[in-house]
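Let's take a walk through this structure together, looking at where some charged and aromatic side chains sit. Keep the viewer open as you read.

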Amino acid sequence: MMQDKYLAVHKYLKEIMSVPSLEKLEEIISRYSEELGDLDEAEKALWEDSITLGKELVYLKTGTDDEMGRGLLATLSETELEELKESDRIIDDNLFGYHYQPIVSVSTGEIFSYEALMRPRSDLLESPLQILKYAKLRNRLNDIERATFLNVLKIIDHKSKFFHGKRVFINSIPKTRLSEEDQANVDELLMRHNRSVVVELTERAELDEKEFAEFKERYRVMNVQTAIDDYGTGYSNVQNLLRYMPNYVKIDRSLLSGMQDDPKKRHFVREIIEFCHSNGILALAEGVETSEELRSVILLGADLIQGYYTARPAAEPIEDIPFEIRQEIKNYIHERQEGEASQIYSADSGEHIELERLVKNETACLLIGGDGDYYISGNPGLEAEIVIEIADNVNAEVTIENVRLLNKKKLPCINIGKGSKVLLNVKGDNKLNMGGICVPEGAGFIMKGDGNLGITLDADEYFGIGNGINAGHGNLVFEQSGALKIESNGKIGVCIGSGFGGGINIAGGQYILEMNGDRALGIGCLYRDCVLTIDNSDITAELNTIKGVALGSIGANGDITISNTSVKLYISGKEAVALGTMSGERCDVYVHDASVIMNIHNDRCSGAAALDGMTNIRFERGALRIYAKGENILPFGGFTGDTDLSFRDSDITVKVMTAVKLDELLPRDRIEVVHGRARIVLNGYEYDLTE
């Protein structure tokens with residue numbers, strides 16, 4: 001549109017602000033239409049939107065919503081009437097699809113949640129804005145609200161894995177009212193999935209006090225998180241934000257566009273973010289479309305990112321954003337925290353990478369971006385603050401020799417990308433301080449070599465090799481001949497494994513695990529069923545926690561096989577299991593050709609069991625020694641009494657000091673002893689179980 005035409009539209013918009021009637025408006029529209037003359041498609045669209053705006057303003061001043069809708073309907077063109085008819089058909093037949101745009105966590109670079117975005121199933125009306133326009137004219141926004149909530153919540157209800165365990169933001173239209181039956185159906189689904197949903201209220205329309213009180217109380221009672229959309233437009237002000245006190249504030253795209261070149265915008269966005277942080281609200285930068293905008297919002301402190309630059313909406317939620325974008329986010333986070341952009345060194349296959357040289361060049365990240373072999377060397381006196389990043393879908397053999405890495409942020413020292421397969425060859429003495437090795441779901445990790453690796457962890461939530469407590473890990477295989485020592489301190493974590501589990505196969509090496517804190521797991525899965533195979537190894541685990549498991553699972557079933565291995569477990573604290581599960585329903589332990597020693601001092605504990613479930617233990621061709629002391633201590637089996645024991649060709653010695661009546665929880669008819677010796681010394685009295 002030529003400059004003079006823009007000026008004409010601007011004059012029209014100013015003039016209609018004081019128009020008293022629709023008749024007067026029609027005169028103004030006719031006059032400006034003649035002045036504008038011929039228009040191309042884009043210009044025509046702008047002018048039609050301006051006409052519609054004028055009509056809405058008149059009806060807002062002169063009539064009710066219904067009157068406004070009827071009045072505007074009378075002014076629609078033939079094309080618009082066809083679109084109106086199509087809009088009614090879409091609403092009547094519930095022809096709504098949805099695309100899902102990822103919302104990304106700045107702290108991790110991972111997908112935090114998704115926003116469900118309406119997509120009409122229509123060739124004539126493809127934009128949700130068109131549907132909303134005609135629904136408003138028909139006074140059918142309530143129908144849109146009903147469809148949106150019920151459709152998306154039913155998808156969550158029926159396809160729980162569709163969203164990969166992430167929350168879904170559902171848009172809610174202010175001032176809509178559902179029928180009692182519809183509201184009851186929506187509330188039932190919201191309460192069922194209150195940890196999976198965020199209700200997003202557009203900030204463009206203000207609720208009165210009664211509406212606001214109902215809105216806030218409804219979601220408070222259901223424990224559903226809320227978000228304010230489009231902050232920075234409409235009725236945005238601190239007072240309204242304090243009234244709502246949402247969990248999330250989405251900063252409008254208009255404030256982010258070109259902000260890297262606009263100090264006033266940056267100042268305003270910074271104030272919004274600082275206000276959010278001061279009040280326990282997460283700040284979400286919405287509509288990030290360029291690298292410059294991404295850098296700007298991260299440097300200003302945004303917690304979450306949404307926009308085409310990180311990921312476009314898709315019919316099926318994507319699991320990950322591109323590796324390059326994740327790396328870019330990490331680089332900007334480093335710049336925000338350290339005051340300068342991180343130096344990244346991209347290694348070449350076959351290259352010998354000396355950490356001393358990288359440290360001199362102030363490198364913060366060593367990037368392995370392609371298939372091949374990589375050799376990284378350090379020296380015992382050099383601790384490098386460098387993170388090793390391995391890109392997605394890479395097949396690499398990485399040799400480390402005398403490498404010492406430190407991550408002061410208490411994040412992994414080595415990150416393996418999604419879909420990558422990495423063989424880590426360990427030589428000499430190596431140390432990872434304050435962070436371990438992240439192996440996400442879908443990745444593969446094999447550890448080999450005759451060198452030693454030590455990992456120290458000290459964080460509220462931690463993991464040594466595997467993944468976080470709210471994630472699963474890739475396939476872990478240990479075939480090294482050297483020692484792996486992991487020392488952990490924190491509220492909750494796992495030395496080898498993750499929260500949601502994955503494959504773990506230990507086929508060699510020496511393991512020394514020292515765990516201190518509230519809840520800890522040595523090797524296994526915190527919350528999901530654990531299948532653990534250990535062969536040809538030497539394992540020593542010391543557990544000093546309030547609750548913990550040395551080998552197995554804390555919250556789900558345990559299936560553990562140990563062969564040709566020496567196991568020494570030292571357990572102390574309040575409630576624990578050496579082998580098995582604390583809260584799972586079932587535990588199966590099969591040990592053969594192995595030696596197991598347990599020393600237990602605990603309030604409520606068992607050597608091998610589902611502590612409150614069914615236990616099945618088979619021990620063949622081995623030696624078992626259990627020394628246990630505590631008020632509620634069991635050598636094996638849980639407190640339900642549902643335990644089966646089988647000892648074949650083995651030497652079993654158990655010494656227990658406890659107030660528990662073992663004969664009630666371990667009935668003799670469920671204990672099998674064949675071709676070996678099994679004796680229990682209970683509170684100083686010896687019982688020979690040998691048949």
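Aspartate 518 is partly exposed, at a relative accessible area of 34%. In this predicted model, aspartate 518 belongs to strand S26, which covers residues 510–525. Turn the view to its surroundings and you will find a negative surface patch, made up of Asp458, Asp460, Glu461 and Asp518. Membership of such a patch calls for over 30% relative accessible area and no salt bridge, and the 34% of aspartate 518 is therefore enough on the first count.

Charges that do pair up are the next stop. The structure holds 39 salt bridges, and a few of them are worth a look one by one. Start with glutamate 200 and lysine 250, whose closest N and O atoms are 3.0 Å apart. This salt bridge links distant parts of the chain, with glutamate 200 in strand S4 (residues 197–202) and lysine 250 in strand S6 (residues 248–251), 50 residues apart. Are these partners buried or exposed? Glutamate 200 has a relative accessible area of 0% and is buried; lysine 250 is buried as well, also with a value of 0%. Both count as buried because the cut-off is under 20%.

Now move to arginine 295 and glutamate 335, a salt bridge in which the closest N and O atoms are 2.6 Å apart. Arginine 295 lies in helix H13 (residues 291–299) and glutamate 335 in helix H14, so this pair ties together parts 40 residues apart in sequence. Here the burial is mixed: arginine 295 is partly exposed at 34%, while glutamate 335 is buried at 13%.

Helix H14, residues 323–338, is also the place of tyrosine 332. With 10% relative accessibility, tyrosine 332 counts as buried. Which residues does it touch, leaving aside those up to four places away in sequence? Tyrosine 332 is in contact with Ser291, Leu294, Arg295, Ile298 and Leu299, and Arg295 is the salt-bridge partner of glutamate 335 that we just met. Serine 296 is 36 residues from tyrosine 332 in sequence, yet their C-alpha atoms are 8.8 Å apart in space.

For a last pair, find glutamate 385 and lysine 408, whose side chains meet in a salt bridge at 3.4 Å, N to O. Each sits in a loop: glutamate 385 between strands S12 (372–377) and S13 (387–390), lysine 408 between strands S15 (404–406) and S16 (414–416). Glutamate 385 is partly exposed at 46%, whereas lysine 408 counts as exposed at 57%. Finally, Asp88, Asp92, Arg138, Arg140 and Asp143 are joined into one network by salt bridges that share partners.

How values were computed:
Residues numbered from 1 in each chain as written. Predicted model: local features only at pLDDT ≥ 70, side-chain atom pairs only at ≥ 80, totals over all residues. Heavy atoms only, no water. Patch = residues over 30% accessible without salt bridge, like charges linked within 9 Å, V, L, I, M, F, W, Y side chains within 5 Å. Areas by Shrake-Rupley, 256 points an atom, 1.4 Å probe, with all protein chains shown as cover. Salt bridge = Lys/Arg side-chain N within 4 Å of Asp/Glu carboxyl O. Lys, Arg positive; Asp, Glu negative; His and termini not counted. Charge placed at Lys NZ, Arg CZ, Asp CG, Glu CD. Helix = DSSP H or I, 4+ residues; strand = E, 2+ residues; numbered from the N terminus. Buried < 20%, exposed > 50% of the residue type's maximum accessible area, 1.4 Å probe, protein only. Contact = heavy atoms within 4.5 Å.
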